[in-house]
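Q: Hey, have you got a minute to walk through this model with me? I'd like to start with the packing and then look at a few residues.

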Amino acid sequence: MNFVLAWFRRVFSDAQAVSLIIVIVTLVAIVLLLGRMLAPVLAGIVIAYLLEGLVAKLERTGLQRWPAVLIVFFGFMGLVVFALTGPLPLLSEQATQLARQLPDMLLKAQKYLLSLPEQYPRVVSEQQIADAIAMVKREIAGVGQNLLTWSLASVLSVITVIVYLILVPVLVFFFLKDKVPIVRWCRQFLPADTRLAGRVWDDVDRQIGNYVRGKVWEVLVNWVICYLVFAWLGLQYAMLLGFMVGLSVIVPYIGAAVVTVPVALVGLFQWGWGPDFMWLIGAYAILMVLDGNVLVPWLFSEVVDLHPVAIIVAVLTFGGLWGFWGVFFAIPLATVVQAVLKIWPKAVVVAVPGHGGVS
């Protein structure tokens, strides 16, 4: 008990540590309590933060902030328009085609499973196959019910998307344009001594900026190369599967394992167990090896020094808290935690009488 009391006295006697705790608790409370209501604002803040690096680079070339903001903002909007009119319709079309073909694929899978007891009577029984098929049918029924529920709420979803497409760009523009007065206004609500919080932010800003920039390039490179390879091999839904592979790199280890399943299944149902399928699996394996051993070390040589176990724990923890977005931002959030843990002990060492010095 004395140890706990001593720890509390040591921590809360340091003004910088208290300031850091207040900042962290306030930000977490805002996200947890008001996250859904302020989702467009939070999205605008995140996008503006990512674009701020480009604005700063233009300013370092001697350009004034106002024209730099205009160049970056309209460049960003051009990319959004390109995505909405270019790859997105093709992705939607291929996803629809895949959904229509699912019944035929499931029928082929059922026929194949029913033939297994005859081919391997000592390994698989008819009852095991029947139980497996029944389980798959139950899962499909559950998915169908979820799709029906989603379709009933699709009108509201469309309205929400339209609001986001209008509101978020407006917020991004004003966050970029009025960054200085907005930051000055926010600082008046912060504690007076925020040096420790500033050190944490400097570390997080450097790490997350490098990480996001590297991840964007990794997603694009994997998407384009996988699409070209899949299209060259003649694989159906090449654009959709390439896009899925590109997105999978956002979640290291887990994403690659998950996206391998649809790639292999589409190839298996298209070609069966044959040379074409083996070429697909071999090419996909080579692409994954090149990504992990060439592209990632090149892009992230000095970025986010997190152990694989820490990454998996972060994905599971933040994904459980905030779903898809928790998974999406798991590594940046883990970087924040790492930065706090790295700096925290240096800020709470208490001076020993007669020895002097407080770190």
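Q: Which residues touch the most other members in the largest nonpolar core?
A: Happy to help! This is a predicted model. Phe 230, Leu 241, Val 245 and Val 263 touch the most other members of that core, which has 21 residues.

Q: And which elements give two or more residues to this core?
A: Those are H5, H9, H10, helix H11 (254-271) and helix H12 (275-299). H10 provides the largest share, with 5 residues.

Q: What does Val 263 touch, leaving out residues up to four places away in sequence?
A: Its contacts are Phe 230, Leu 241, Val 245, Leu 280 and Tyr 284.

Q: What lies apart from that core?
A: Another core of 16 residues does, and Tyr 211, Val 249, Ile 311 and Ala 334 are among them.

Q: OK, new topic: where is Gln 94 found?
A: Gln 94 sits in helix H5, which covers residues 87-119.

Q: Is Gln 94 buried or exposed?
A: Gln 94 is buried, because its relative accessible area is 12%, under the 20% cut-off.

Q: Which backbone nitrogen lies 3.3 Å from a polar atom of the Gln 94 side chain?
A: That's the backbone nitrogen of Met 239. Beyond four places in sequence, Gln 94 touches Tyr 237, Ala 238, Met 239 and Leu 240.

Q: Tell me about Tyr 237, then. Where is it found?
A: Tyr 237 is in the loop between helix H9 (195-233) and helix H10 (238-248). Tyr 237 counts as buried because its relative accessibility is 8%.

Q: What about the phi of Tyr 237?
A: Tyr 237 has a positive phi, about 60°, although it isn't a glycine.

How values were computed
Residues are numbered from 1 along each chain as its sequence is written. This is a predicted model: local features need pLDDT of at least 70, side-chain atom pairs count only at pLDDT 80 or more; totals for chains, interfaces and linings use all residues. Side-chain values use heavy atoms; hydrogens and water are left out. Helices (H or I, at least four residues) and strands (E, at least two) are DSSP runs, numbered from the N terminus. Buried means under 20% relative accessible area, exposed over 50%, partly exposed in between (1.4 Å probe, protein chains only). A polar contact is a pair of N or O atoms within 3.5 Å; within protein, one must be able to donate a hydrogen and the other to accept it, and residues adjacent in sequence count only if both atoms are side-chain atoms. Contact means heavy atoms within 4.5 Å. A nonpolar core is a set of buried Ala, Val, Leu, Ile, Met, Phe, Trp, Tyr and Cys residues joined through side-chain atoms within 4.5 Å.
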